[in-house]
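Colleague: I have the coordinates open. Please take me through the model in short answers.

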Amino acid sequence: MALIRKRFFCSEFPKKWAVKQVTKSNFAESLEEMKGHISSSDFVAVSLQKTGSFSAPWHRALPFDTAETAYCKAKRSAERYQLFQFAVCPFSVDSSKLVAYPYNYLLFPRDELKVGMPCYNFSCQTSYLTSMAREGFDFNACIYDGISYLSRAQESEAKVWIGNPRSSLLVVDSTSSPSVADNIFSERIKSRVLRWKNACKKPNKSTNDALMSSLRKLISGSEYYESRPCISIDVCSEHQVQLALEMLREFSDELVPVLIPGKSGGTQAVRVVLTSSKEDKDLFERELQRLEEEENKKVRGFREVIDLISASQKPIVSYNSLTDLTFIHSKFIAPLPPTLDEFASSLRHVFPNVLDVSHLMKVIGPLRKMTNVPLAISYLNNHFFAPVDIEIPYQATENESRIHGHNVVRISHLFAKLCSILKIGHSSTTSDSTILSAPALEEYTNVFDALSTSSEESVNEDISVWTKNTRKVSCEQLVFLWGFGGGKTAGKLKSLLNNSHTTFSKEFDIRFVDKSCAVIVFWQPGLAETFIDVMNNIEEISGPLREMVSEGLRAASYETYKRVCKLDIWEADLAESLDKALEDPDHHLTEVNPIVTPIEIQWSGDSMINYNDL
């Protein structure tokens, strides 16, 4: 059996995985391939390569972060750093066979349309760039041949600036009676269009009439739109646009209305184009549709891929979905909203089903401590018999097998193995509506939704810590402490606090957040609030604690920490950020009467942060 397992697992990791590398030069042809592969697959895995993640140790998601503070940190990272690679892998799993179609897109935002967007100033972390360079990343190819893009919000704004004509909107019949002003407007433009149409169709009697014909066209306002006669109707509102379109329905099928966008948004004019026949009208409308679609593709760039995934409604598989999806929302949808609830609501319209592999991993105890996909796969290979054959139909080239995007295949592979071990059934024959029917899979769909709380509801949030010996505790029992001087360990600081005040006579624990700040958990409810009250009344402090306060010791509740994250006070040291939050003139009012729902987190007996990582 051991030999069989060894031979099989070796076959799971072929030396070459063919990941199609996509740049600006082959993006158009790959788009059609991707569309077919998404359509035939059950899931779509994504993996992002960023220029950075966090600029200080406490900026990363920590074990005691609530869902809201974790979102604030993810939001800050997404707004600060950029994407250079975006790997997408449509895949299906049938029994022990995984069929995958991985693509790795090289991205670089540039102002392709010369309209001032995107114009990003983004940060880079040297450690990330060094790692990318070590893996053979071609920065020249990224800058010169990377695919650009606009988000949905930027696309709407860009179309206004570009001002390209577009097909007329559907005419919506008004339910109210037209006003006198509406009737005057409609009759005036009807009379003008009728005179113009008759003048265009009236043949010239001789060449001597050329001057009169030109004058007639000048007076009537006639122009040409791609060799076809046209006339522009100026409008002041979208209501007038609808009135003009309603009026044009009374004419023959030869007229085609085209909307001309205004620089400040909305519609500036309705351009009426005269075609020579019903066939010519159909031809012209197809031309308009083709030109509009080509322009849209040029505007969207890589976002075409995001739109394809969204339109398919297939479940998204990610590792650390909150981080990835805040980046995706920020770059390709719209600016990130201020709260987690709004983010989750906005995201559901784009990706209704998101599966996070890291949350599936938590079901298997030892995987809680792992934050690396290859290590997790290795552990499963050594402790479980869950064979998964990976089939990638591409023919691998030497170049494609040695460069980027392999992590998205690993994520797909890890997901398939976890589903096999956890007995979560799915098949390539499963219909879209029932892909997520397995209860075990539903439980891990849209996990950020489960973490989202409404101010009107009383919901306990559990923040998972991937370490052993976790204990649940309310965030109200946490206190942040700083100003205790350097050179202290958590044990030494705990020893100093033990005899400094009566609040420390009960069980408490302490861990460092960074070198400047520690976090204390009081296991008995109410002691944290008592300690904060004592620290706010210096006159009442005595003994060793008074000496420590005189040397600069300060303390703040968890609410202050939440304010730091919400107000974007991202200093390098958490202590400095907490100082700035306490200096806020409205801070004391917020502290005295906070309107909050107690939130439960999980406290680990292990150290929060390893000093070797700082």
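**Loop, helices and cores**

Colleague: Where is the place of threonine 502?
Modeller: Threonine 502 sits between helix H20 (490-498) and strand S16 (508-514). Helices (H or I, at least four residues) and strands (E, at least two) are DSSP runs, numbered from the N terminus. The place of threonine 502 is the H20-S16 loop.

Colleague: What kind of model is this?
Modeller: Residues are numbered from 1 along each chain as its sequence is written, and side-chain values use heavy atoms, with hydrogens and water left out. Local features need pLDDT of at least 70 and side-chain atom pairs pLDDT 80 or more, while totals for chains, interfaces and linings use all residues, and the model is predicted.

Colleague: Is threonine 502 buried or exposed?
Modeller: Buried means under 20% relative accessible area, exposed over 50%, and partly exposed in between (1.4 Å probe, protein chains only). Threonine 502 has 60% relative accessibility, so it counts as exposed.

Colleague: How many residues does the protein chain have, and what percentage count as buried?
Modeller: The protein chain holds 25 helices and 19 strands. It has 614 residues, and the buried percentage is 50%.

Colleague: What percentage of the contacts with a separation of 6 or more is between residues 24 or more positions apart?
Modeller: Contact means heavy atoms within 4.5 Å. Pairs 24 or more positions apart account for 79%.

Colleague: Is threonine 69 buried or exposed, and which residues is it in contact with?
Modeller: Threonine 69 lies in helix H3. Its relative accessible area is 2%, so threonine 69 is buried. Leaving aside neighbours within four places in sequence, its contacts are Tyr558, Tyr561, Lys562 and Cys565.

Colleague: How far apart in space are glutamate 79 and phenylalanine 327?
Modeller: Glutamate 79 is found in helix H3 (residues 67-80). With 43% relative accessibility, glutamate 79 counts as partly exposed. Phenylalanine 327 is 248 residues away from glutamate 79 in sequence, yet the C-alpha to C-alpha distance is 7.6 Å.

Colleague: Why do H12 and H13 count as roughly parallel, perpendicular or antiparallel?
Modeller: Axes are lines fitted to C-alpha atoms, for helices over the stretch in contact, with angles from 0 to 180 degrees between N-to-C directions. The axes of H12 (residues 321-333) and H13 (residues 340-348) come within 11 Å and cross at roughly 70 degrees. Angles under 35 degrees are roughly parallel, over 145 roughly antiparallel, 65 to 115 roughly perpendicular and the rest oblique. H12 and H13 are therefore roughly perpendicular.

Colleague: Which residues of H13 does H12 meet?
Modeller: On the H12 side stand Leu322, Leu325, Thr326, His329 and Ile333. The residues met in H13 are Leu340, Phe343, Ser346 and Leu347.

Colleague: At roughly what angle do H23 and H24 cross?
Modeller: Two packed helices are described by the angle between their axes and the distance between the axes. The axes of H23 (residues 558-566) and H24 (residues 574-582) come within 9 Å, and their crossing angle is roughly 95 degrees.

Colleague: Which residues touch the most other members of the largest nonpolar core?
Modeller: A nonpolar core is a set of buried Ala, Val, Leu, Ile, Met, Phe, Trp, Tyr and Cys residues joined through side-chain atoms within 4.5 Å. The largest one has 83 residues. Those touching the most other members are Phe86, Phe91, Tyr105, Phe302 and Phe351.

Colleague: Which helix gives the largest share of this core?
Modeller: The largest share is 9 residues. They come from residues 406-421, helix H17.
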